[in-house]
Amino acid sequence: MILDSYRHKGLRKQLVETIRKKGIEEKNILKAIDTVPRHLFMDSSFLEFAYEDKPFPIGSGQTISQPYTVAFQTELLKIKKGDKVLEVGTGSGYQACILMELGARVYTIERQKNLYLKTKSFLPSIGYKPKLISYGDGYKGLPAYAPFDKILVTAGAPHIPDTLIDQLIPGGILVIPVGTDIQIMKRIIKIDENNHKEEDHGTFRFVPLLTKKADD
Ligand code: SAH
């Protein structure tokens, strides 16, 4: 495995500074970005790009999200130590590791089998252990493990699925980018079984959330 060198640590400090300047204030989120070795989540030929604040291809037509976007979505979730969190779109597993650094118990689901298999074996190899890495359609959530304190969707969704709101505890938070070409970052706060409130938090660009498995 490629080591985490002083050079990588130095580049990570610069990345943290970039993200802080873009408006991320939460100290523990900045610390998590400083801790997780993002270059290990990318193919070795792309190492020099690992600490730019940009998304990057991870194979199967998917991307590892831009670090700022990871930090922004994480901030909206208001993660508390011990929170039970569902992530839809495991991808490289980078976002899941940021959540684990904040003390979340992470359940994550990916619909591309090759990415699922790769990330499921990779994360433990660098010392991260999600509660569950699952293969399937995250649009349906994970009813067998619900309810969750927080749910994070890391792909652009055509609309807000009621099934995900159903799987939150009262007071729980869903963060989901909604839209086709470009997405509006929505934060949904569940009030009780029948009510929730919805907030908009700017525009972003994500790979699409697919409802059909790529390898079907
Ligand atoms: N969180 C990831 C970013 C992943 S990009 C990271 O930190 O690297 C979005 C991911 O969502 C892709 O891997 C894509 O395959 C996955 N995805 C798309 N539709 C999905 C669905 N319906 N259920 C689960 N995962 C999905």
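These exercises work through a pocket, some backbone angles and several salt bridges in a predicted model.

Residues are numbered from 1 along each chain as its sequence is written, and side-chain values use heavy atoms, without hydrogens or water. Local features need pLDDT of at least 70 and side-chain atom pairs pLDDT 80 or more, while totals for chains, interfaces and linings use all residues.

**Exercise 1. Describe the largest pocket and its lining.**

Step 1. Fix the terms. On a 1 Å grid over the protein atoms alone, a pocket is an open set of points with protein on both sides within 12 Å along at least five of seven lines. Lining residues have an atom within 4 Å of a point.

Step 2. Take the volume, the space filled by probe spheres (1.4 Å probe) set on the points. The largest pocket has about 500 Å³.

Step 3. Find the lining. It holds 34 residues. T63, S65, T154, A155 and V207 lie nearest the pocket centre.

Step 4. Sort the lining by class. There are 14 nonpolar, 15 polar and five charged residues. Here Asp, Glu, Lys and Arg count as charged; Ala, Val, Leu, Ile, Met, Phe, Trp, Tyr, Cys and Pro as nonpolar; the others, Gly among them, as polar.

Step 5. Assign elements. Helices (H or I, at least four residues) and strands (E, at least two) are DSSP runs, numbered from the N terminus. β2 (62-64), α3 (67-77), β3 (84-88), α4 (94-101) and β4 (105-110) each supply at least two lining residues. β2 gives the most, with three.

**Exercise 2. Locate the cis peptide bond at P147 and the positive phi values of S60 and K78.**

Step 1. Recall the background. Most residues other than glycine have a negative phi, and most peptide bonds are trans.

Step 2. Check the peptide bond. From A146 to P147 it is cis, with omega near 5°. P147 sits in the loop between β5 (132-135) and β6 (148-153).

Step 3. Check S60. Its phi is near 60°. S60 lies in the loop between β1 (56-59) and β2. S60 is partly exposed, at 33% relative accessibility. The scale is: buried under 20%, exposed over 50%, partly exposed in between (1.4 Å probe, protein chains only).

Step 4. Check K78. Its phi is about 50°. The residue belongs to the loop between α3 and β3. K78 counts as exposed because its relative accessible area is 52%.

**Exercise 3. Which residues pair with K13, K186 and R187 in salt bridges?**

Step 1. Set the criterion. A salt bridge is a side-chain nitrogen of Lys or Arg within 4 Å of a carboxyl oxygen of Asp or Glu. The whole structure has eleven.

Step 2. Pair K13. Its partner is D34, with the closest N and O atoms 2.8 Å apart. K13 is in α1 (residues 6-21) and D34 in α2 (residues 27-35), 21 residues apart. K13 is exposed at 51%; D34 is partly exposed at 24%.

Step 3. Pair K186. Its partner is D200, at 2.9 Å between the closest N and O atoms. K186 lies in β8 (residues 183-192) and D200 in β9 (residues 195-204), so the pair ties together parts 14 residues apart in sequence. K186 is buried at 12%, whereas D200 is partly exposed at 49%.

Step 4. Pair R187. Its partner is E199, with 2.7 Å between the closest N and O atoms. E199 is in β9 and R187 in β8, so this pair ties together parts twelve residues apart in sequence. E199 is partly exposed at 21%; R187 is buried at 10%.

Step 5. Look for a network. Salt bridges link K186, E198 and D200.
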